Amino acid sequence: MAASSPVPSLLLTLALALTVAAAGKISALRTPISRDIYHSSDSLLREIKALVARHSDKLSMDTITTSNKGYSADLLVVTFNHVKESVDNGSKVHILLSFGQHGRELITSEVALRLLYILTEKRKIAGVDFSSFERVLENLVIKVVPMENWNGRKRVEEGELCDRRNGRGVDLNRNWSVDWGKKEKDYDPYEENPGIAPFSEPEAQIMRELSRSFKPHIWVNVHSGMEALFMPYDHKNTTPNGASAHLMRSVLENLNHRHFQDSCLVGSGGGSVGYLAHGTTTDYMYDIAKVPMPFTFEIYGDEKASTDDCFKMFNPVDKTTFDRVINKWCMAFLILFEEGLRNLRDAQIVSRDTLDNWVPIGGDVVERNVARKTARERRKLEGLDLGMQELRTYFRLFMLSTFLLMFMFCTRISKNRNRDSDEQSA
């Protein structure tokens, strides 16, 4: 038997070595979860439960479980009510915040945890004192869903770092009923699986029922991947019309200018992201649930990260950036609470209450409020002035018409007298 040539074996060994090296290189490019910075899903929820136990005078907690066709989901809902013994007679603003709808966006749930600490134990952000913020909190009821997609988060922690879907592979932000199931040309069935029907997923069912029972005035769906402040719509390249759209845009633009120095993208999700999304939560909250202010916040994104390096793309990987992002966006939520409260009351969507002695964060809201009052008074004066001008105009027209009538009357009398005189002479 002829001896086999060593060349094919050598080529096979070389190809195998290159394949292993390439695989190792790809694996090395994928940044692992920074477990020294981030909580695990279990530890984060345990810490929230401990926080609720320490502050039962302000916080309460519900765990809601729903299942569908063999798949079950649990959602933890934390309610902050600054004065729990007071009766909510309709004057309080209801705010519903959802974090962690996509499993790979770990940073969002960390913001939820820190925000709950700030609301209860008054941790400072960059030295800012929140004692003056108490007056605002008295007028709010805030429900926080710190980890909407707990099953999907587990998949990420087990190594599926790019997975945004829930425990059975459905994108929860495509499982809502507004324009559900429509697919764009760039539709990715792995990323955007909408499920077998609207609200087929227990997580979406729980959130829908929560929106129906709580009836929020403000809704925020918190994501990562970029920095942006979005309002409806996601499924088309436009924003709603009318006063409600003006109200939403005003709040977002004030927040962007006041806190982000106009650095955030502001507008509709469908018109700003670069693609249309169908069956999203925010579009449902606006079109069906009739929430006056439904928003989507995108709180972080690393544009330089590889599309395969999902943890780095959607989450800060170092402690300095981690702290900066959390502090910045917790402050953003506090300012949103201020802006939302004032705008909703100015628009008479909720009952008015006296906030004249309240000193807001930064102080510039007071100045803007004074300017708003001055502008309102100026508009009243301008209206009175316009009315007086119209009255003067009508009076001039009346006098002119009276003069013309008198002139015509006198002229007619004069002609009749002349005619009578001529007839007598004849």
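Let me start with Arg-174. Leaving aside neighbours within four places in sequence, Arg-174 is in contact with Arg-164, Trp-180, Glu-192, Asn-193, Pro-194, Tyr-275, Ala-277, His-278, Gly-279 and Thr-280. A word of caution here: this is a predicted model.

Where does Arg-174 lie? In the loop between α5, residues 150-157, and α6, residues 202-214. Is Arg-174 buried or exposed? Buried, because its relative accessibility is 4%, and the cut-off for buried is under 20%. One partner on that contact list deserves a second look. The side chain of Arg-174 makes a polar contact with the side chain of Glu-192, at 3.1 Å.

Next, Glu-298. UniProt gives this residue the feature "active site", in an unreviewed entry. Glu-298 sits in strand β8, which runs over residues 293-300. With 13% relative accessibility, Glu-298 also falls under the 20% cut-off, so Glu-298 counts as buried.

What does Glu-298 touch, not counting residues up to four places away in sequence? His-223, Ser-224, Gly-225, Met-226, Glu-227, Ala-228, Phe-230 and Trp-329. Take Ser-224 from that list. The side chain of Glu-298 reaches the backbone nitrogen of Ser-224 at 3.5 Å.

Keep Trp-329 in mind. It leads us to the helices. Two packed helices are described by the angle between their axes and the distance between the axes.

First pair: α3, residues 106-121, and α11, residues 319-346. Their axes come within 9 Å and cross at roughly 60°. That makes α3 and α11 oblique to each other. The crossing of α3 past α11 is right-handed. From α3, the contact uses Ile-107, Glu-110, Val-111, Arg-114, Leu-115, Ile-118 and Leu-119. From α11, the residues include Phe-322, Val-325, Ile-326, Trp-329, Phe-333 and Phe-337.

Second pair: α7, residues 243-260, and α11 again. Here the axes come within 10 Å and cross at roughly 140°. How are α7 and α11 oriented to each other? They are oblique, because the angle is not over 145, where roughly antiparallel would begin. The crossing of α7 past α11 is right-handed. On the α7 side, the contact residues include Leu-247, Val-251, Asn-254, Leu-255 and Arg-258. On the α11 side, among them are Lys-328, Trp-329, Ala-332, Ile-335 and Leu-336.

So back to Trp-329. Trp-329 of α11 is part of the contact with α3. Trp-329 is part of the contact with α7. And Glu-298 touches Trp-329. That is where I stop.

Conventions: Residues are numbered from 1 along each chain as its sequence is written. This is a predicted model: local features need pLDDT of at least 70, side-chain atom pairs count only at pLDDT 80 or more; totals for chains, interfaces and linings use all residues. Side-chain values use heavy atoms; hydrogens and water are left out. UniProt positions are given in the numbering used here, feature names are shortened, and annotations may be inferred rather than shown by experiment. Helices (H or I, at least four residues) and strands (E, at least two) are DSSP runs, numbered from the N terminus. Buried means under 20% relative accessible area, exposed over 50%, partly exposed in between (1.4 Å probe, protein chains only). Contact means heavy atoms within 4.5 Å. A polar contact is a pair of N or O atoms within 3.5 Å; within protein, one must be able to donate a hydrogen and the other to accept it, and residues adjacent in sequence count only if both atoms are side-chain atoms. Axes are lines fitted to C-alpha atoms, for helices over the stretch in contact, and angles run from 0 to 180 degrees between N-to-C directions. Angles under 35 degrees count as roughly parallel, over 145 as roughly antiparallel, 65 to 115 as roughly perpendicular and the rest as oblique. A crossing is left-handed if the near helix is turned anticlockwise from the far one by less than a right angle, and right-handed if clockwise.
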